[in-house]
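User: I would like to go through a pocket in this model and the residues around it. Please keep the answers short.

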Amino acid sequence: MHHTPHECRHTLASMLDSAGVNDVCIKMILGHARRGVTQAVYTHKTLRELRKAIDRV
């Protein structure tokens, strides 16, 4: 496998988000200055996580 450090940022952002870490903290850890970059680009959800979110309703 070949992975880049940039891919690790996506993984870290997704894991922090899934763990319920505050959005501001995630943004600061990743060093994003612009609003929305972290959520729009870096966090990814699995089908299981999406189903769990729907089940909360």
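User: Which helices each supply at least two residues of the lining of the largest pocket, and which one gives the largest share?
Analyst: The model is predicted. Helix H1 (5-18) and helix H4 (47-55) each supply at least two residues of that lining. The largest share, four residues, comes from H4.

User: How many residues of each class are in the lining of the largest pocket?
Analyst: The pocket holds about 260 Å³ of space. Its lining consists of Asp17, Ser18, Lys45, Arg48, Glu49, Lys52, Ala53 and Arg56. By class, that gives one nonpolar, one polar and six charged residues.

User: Is Asp17 buried or exposed?
Analyst: Asp17 sits in helix H1 and belongs to the pocket lining. Beyond four places in sequence, Asp17 touches Asp23, Ile26, Gln39, Thr43 and Lys45. Its relative accessibility is 18%, and the cut-off is under 20%, so Asp17 counts as buried.

User: Which residue forms a salt bridge with Asp17?
Analyst: The count comes to one salt bridge. In that pair, the closest N and O atoms are 2.5 Å apart, and the partner of Asp17 is Lys45.

User: How many residues apart are Lys45 and Asp17?
Analyst: Lys45 lies in the loop between helix H3 (37-42) and H4, whereas Asp17 is in helix H1. The salt bridge therefore links distant parts of the chain. The two are 28 residues apart.

User: What does Lys45 count as by relative accessibility?
Analyst: Lys45 has a relative accessibility of 38%. Buried needs under 20% and exposed over 50%, so Lys45 counts as partly exposed.

Technical notes: Residues numbered from 1 in each chain as written. Predicted model: local features only at pLDDT ≥ 70, side-chain atom pairs only at ≥ 80, totals over all residues. Heavy atoms only, no water. 1 Å grid on protein atoms, 1.4 Å probe; cavity = no way out; pocket = protein on both sides within 12 Å on 5 of 7 lines; lining within 4 Å. Points joined across faces, edges and corners; volume = space filled by probe spheres on them. Nonpolar A, V, L, I, M, F, W, Y, C, P; charged D, E, K, R; others polar. Buried < 20%, exposed > 50% of the residue type's maximum accessible area, 1.4 Å probe, protein only. Contact = heavy atoms within 4.5 Å. Salt bridge = Lys/Arg side-chain N within 4 Å of Asp/Glu carboxyl O.
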